[in-house]
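User: Please take a close look at one part of this model, the surroundings of the ligand. Then place that part in the rest of the protein.

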Amino acid sequence: MRDIIIIGSGPAGFTAAIYAARAQLTPLLIASSVEVGGELVNTTEVENFPGFPEGIMGPDLMTKIQAQAERFGTEVVYDDVVELDVAGPVKRVKLGNGETHEAKTLVFATGSAYRKLGLPEEELLSGHGLSWCATCDGFFFRQKTIAVVGGGDSAMEEANFLTKFADKVYVLHRRDSLKASKIMQQRAFDNPKIEFVWNVEVSAIRGASAVTGVQLRDTVTGEERELELDGLFVAIGNDPRTHLVHGKLDLTVEGTIAVQGRTSKTSVEGVFAAGDVIDPHYRQAITAAGSGAAAALDAEVFLAGLEDAESVDAEPVPVAVAAN
Ligand SMILES: Cc1cc2nc3c(=O)[nH]c(=O)nc-3n(C[C@H](O)[C@H](O)[C@H](O)COP(=O)(O)OP(=O)(O)OC[C@H]3O[C@@H](n4cnc5c(N)ncnc54)[C@H](O)[C@@H]3O)c2cc1C
């Protein structure tokens, strides 16, 4: 049986692997069959990950982090976890190929998925004017005209934040009123750079190699019209990838895996979670990496505790000496 299995190959999973491997725990990392490297492989330039003053392409960053984890002995399996048994002291992980692996600890780092518009152009234009993260990409849109899709708090937050860079920010919303809290709405209404476009949905994204605009469908009349843009931000929600642990680990009201305080400890002993799957707020590569490090350190302490308990159990029972 292994000491540790890590599920997920984003910054959280691979950073947990670096720490676990350097602690001689010879981790097994299940990387997924299709999306090895996590969300960053879907983007172009990453300019806010420390250590790369000129920026680095998302896939290159993940290749480097993986190489660092493998250098210290991480074993990577390119498959998906399809079933988990976390209840007892032996954690069992079943893969798509039918194999089952066992470990004393698990780090769950499956990330989260930004909701997409469901348009065929999304994959091609992701990282080329189409983004799901204002903190990550806002800087690329200085003096540009852009739009944010959505009507909730995060759409308002993204729109307000983007006005630091862009000259003009449209908010495209499919209804005539917002779901966002009153204070966030007011902040957006008061911002002179933001213009609301009500009752519209994006029916197509224009641009061959970078976003040049969108086609909008009026949700009341059905009429179509064009809007020229330099960039489009989609802020219609985010779903933590937790389906494997429903009913097995406690979740928060936001749907992320619940952890104890600043630790990575979940509601089940020996199971740790890290990265975007526990994070409803920050969702950045560096915060995910930091939380992956914490998960490996927490797992290490847990394993040391198991070892201590085993050595106490194994100590010989003193034999009573009979009195003469
Ligand atoms: C387009 C885009 C651009 C971004 N740009 C930036 C940026 O410039 N700077 C920045 O700091 N952040 C950026 N982010 C955010 C950043 O990518 C995330 O915060 C970070 O990747 C989260 O890391 P993670 O390890 O928690 O999860 P993820 O990166 O999502 O990785 C999770 C991994 O787990 C795998 N997985 C899920 N389920 C299973 C399973 N059942 N079995 C096996 N594997 C599984 C997934 O396939 C994936 O590989 C961007 C995000 C997007 C979408």
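Analyst: What follows starts at the ligand and works outward to the domains and one sheet.

The model is predicted. Start with the shell. It holds 39 residues around the ligand. Five glycines come closest: Gly8, Gly10, Gly38, Gly111 and Gly275. By class, 17 residues of the shell are nonpolar, 16 are polar and six are charged. Glycine is counted as polar in this split.

Two helices take part. Helix H1, residues 11-22, gives at least two residues to the shell. Helix H7, residues 285-314, also supplies at least two.

Now the domains. The assignment gives domain 1 as 2-114 + 238-314 and domain 2 as 121-234. Domain 1 is thus written as two segments, whereas domain 2 is a single one. Their C-alpha centres are 33 Å apart. Where the domains touch, seven residues come from domain 1 and eight residues from domain 2. On the domain 1 side, the touching residues are one nonpolar, five polar and one charged. Where does the ligand sit relative to the domains? Both domain 1 and domain 2 give residues to the shell, so the ligand lies between them.

Next, a sheet. Five strands form an open sheet with parallel pairing. Their order is S10-S17-S11-S12-S13. Strand S10 (130-131) and strand S13 (194-197) are at the edges. Each has a single partner strand, so one side of each has no neighbour in the sheet. Further in, strand S11 (residues 145-149) and strand S17 (residues 231-234) run parallel, joined by four bridges. One pairing can be named: isoleucine 146 has glycine 231 of S17 as its bridge partner.

A helix covers part of this picture. Helix H5, residues 153-162, packs on the sheet. H5 touches S11, strand S12 (168-172), S13 and S17. The direction of H5 makes about 165° with that of S11.

Finally, the whole protein. The chain has 324 residues, and 39% of them count as buried. Its secondary structure comes to seven helices and 19 strands. Along the principal axes, the C-alpha trace spans about 100 × 40 × 35 Å. Among contacts with a separation of 6 or more, 62% join residues 24 or more positions apart.

To return to the ligand: its shell of 39 residues draws on both domains, so the ligand lies between domain 1 and domain 2.

Methods
Residues are numbered from 1 along each chain as its sequence is written. This is a predicted model: local features need pLDDT of at least 70, side-chain atom pairs count only at pLDDT 80 or more; totals for chains, interfaces and linings use all residues. A residue is near a molecule or strand if its C-beta atom, placed from the backbone, lies within 6 Å of it. Domain bounds come from an automatic or database domain assignment. A residue is buried if 20 or more other C-beta atoms lie within 10 Å of its own, exposed if 12 or fewer, and partly exposed in between; C-beta atoms are placed from the backbone. Two residues are in contact if their C-beta atoms, placed from the backbone, lie within 7 Å. Two strands pair if DSSP finds at least two bridges between them. Axes are lines fitted to C-alpha atoms, for helices over the stretch in contact, and angles run from 0 to 180 degrees between N-to-C directions.
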